[in-house]
Amino acid sequence: MGELRGTHVPVLLERCLELLAPALGRNARTVYVDATLGLAGHAEAVLQAHPNTVLIGLDRDTEALAHARVRLARFADRIHLEHAVYDELPEVLDRLGYPAIDGILFDLGVSSLQLDAPDRGFAYAQDAPLDMRMDQTRGVTAEEVVNTYGHPELARVLRVYGEEKFAGRIASAIIRERERARITSSARLAELVRESIPAPARRTGGHPAKRTFQALRIEVNRELAALETALPAALDKLTVGGRMVVLSYHSLEDRLTKQALADRVRSKGPIDLPVELPGSGPTFRLLSRGAELAGEAEVAANPRAASVRLRAAERLDPEAARQGRTDRERYRRRVKAMHQPGTGSPGSARDPRSAPGDGSGTDEEGEGT
Ligand SMILES: C[S@@+](CC[C@H](N)C(=O)[O-])C[C@H]1O[C@@H](n2cnc3c(N)ncnc32)[C@H](O)[C@@H]1O
């Protein structure tokens with residue numbers, strides 16, 4: 001393991017701690033998963049705040065794990081650091097003997113360690129072999145992607161994962177260039193992208209190669225497919241009162257997170273039934289109001305925070321969720337009765353603003369703490 005290159009400032013750290021605290025601080029021993037351990041900034045703060053919490057830290061990058069192990073050495077008796085892709089979480093938990101967990105954090109994307117590494121090919125600003133694998137022990141490299149994908153596939157990757165307007169032109173330039181000579185370096189690729197983009201567009205939206213490099217990184221690491229599998233699997237492992245926090249940096253990551261949570265916070269029972277049928281109620285409640293952003297001060301201090309979107313949710317007690325619906329239904333009927341002449345007096349209905357169960361049990365907008 002080399003010297004640590006640069007530092008990685010954990011994003012929305014205080015908010016993550018605040019959201020996780022009720023789930024991790026409640027029992028003698030709680031189990032917390034950091035699905036994207038990285039340099040363990042978030043993990044260290046959680047371990048410090050919760051002396052009875054056991055950490056299971058996953059990362060697909062062996063270099064990140066080695067640095068995390070040094071950083072967390074003083075917590076050695078209550079940490080398990082695992083080389084794994086986060087969609088392997090159920091197998092990791094089985095192997096370690098933890099049937100359920102109390103909290104989990106996903107801090108998606110790359111770490112500064114990876115971005116700043118001159119030899120890993122993530123950065124368009126540094127010349128390096130076109131690798132971009134977070135796990136350098138397996139998988140295809142960015143060099144294989146740019147030298148073997150056909151035009152439609154390359155253009156799709158750049159357009160969808162990079163939201164690149166000039167995806168078709170860049171894909172054509174890549175294919176022309178590789179017929180001349182194999183593209184092997186990040187500097188050559190960055191130059192090709194710059195040349196493919198019309199001059200006026202080069203002057204806006206940051207470095208012209210930024211979106212192409214992001215797209216290739218997502219493709220090489222199959223990031224979205226892994227996330228799509230990992231989120232429901234992680235939700236399934238949470239105990240009642242257990243909490244999940246997700247920090248996304250790409251609109252597609254945030255969309256997958258939103259969908260995974262939406263599926264759990266809605267009742268699946270018939271909308272007009274006054275009671276929740278067994279097994280049809282919401283299993284989670286949102287803790288965030290929409291997607292939360294970082295504040296101006298944090299973005300000024302840490303540019304990585306500029307694109308973050310935080311979403312969080314808590315597993316509900318099924319009985320409480322059912323009761324919440326019954327209370328809401330009683331309240332709805334009382335309000336309806338108030339508006340029907342001859343049924344009750346205005347004073348007999350409670351103030352709607354303090355109605356029991358109103359919004360707290362299954363509030364799809366979140367608690368907005
Ligand atoms: C943004 S960094 C995490 C930083 C960390 N929260 C901290 O405070 O230092 C993301 C980390 O997640 C890892 N990672 C990304 N996708 C992964 C996946 N599918 N499975 C496991 N680890 C992944 C990356 O290798 C990287 O080290």
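The following paragraphs lead through the fold, from its overall make-up to its sheet, an enclosed helix and the surroundings of the ligand.

The model is predicted. Its secondary structure amounts to 15 helices and seven strands. Of the 369 residues in the protein, 43% are buried. Among contacts with a separation of 6 or more, 69% join residues that stand 24 or more positions apart.

The seven strands form an open sheet with mixed pairing, in the order β3-β2-β1-β4-β5-β7-β6. At its edges lie β3 (residues 79-83) and β6 (residues 284-286), each of which pairs on one side only. From one strand to the next, the twist averages 15°. Within this sheet, β1 (residues 30-34) pairs with β2 (residues 53-59) in the parallel sense, over five bridges. In this pair of strands, D34 is placed opposite G57 of β2.

Two helices may be considered together with these strands. Helix α2, residues 41-49, packs on the sheet and touches β1, β2 and β4 (residues 101-107). The direction of α2 makes about 175° with that of β2. Helix α3, residues 62-71, lies across β2 and β3 and runs at about 165° to β3.

Attention now turns to helix α11, residues 210-220. Why is helix α11 described as largely enclosed by the rest of the structure? The description follows from the burial of its residues: ten of the eleven are buried, so the helix is largely enclosed by the rest of the structure. The criterion for a buried residue is that 20 or more other C-beta atoms lie within 10 Å of its own. The residues of α11 that meet it are R211, T212, F213, Q214, A215, L216, R217, I218, E219 and V220. The cover over these buried residues includes the helices α6 (142-148), α7 (151-162), α8 (167-180), α9 (186-196) and α12 (223-237). After α11 comes R222, whose phi is positive, near 45°.

The last region to examine is the shell around the ligand. Which of the 22 residues around the ligand come nearest? They are T36, G38, G41, D61 and D107. Elements already met recur here, since α2, β2 and α12 each supply at least two residues of the shell. Helix α2 thus both packs on the sheet and contributes to the ligand's surroundings, while α12 takes part in covering α11 and also supplies residues to the shell. By residue class, the shell divides into ten nonpolar, seven polar and five charged residues.

Note on methods. Residues numbered from 1 in each chain as written. Predicted model: local features only at pLDDT ≥ 70, side-chain atom pairs only at ≥ 80, totals over all residues. Buried ≥ 20, exposed ≤ 12 C-beta atoms within 10 Å, placed from the backbone. Helix = DSSP H or I, 4+ residues; strand = E, 2+ residues; numbered from the N terminus. Contact = placed C-beta atoms within 7 Å. Pairing = 2+ DSSP bridges. Axes fitted to C-alpha atoms, helices over the stretch in contact; angles between N-to-C directions. Near = placed C-beta within 6 Å. Nonpolar A, V, L, I, M, F, W, Y, C, P; charged D, E, K, R; others polar.
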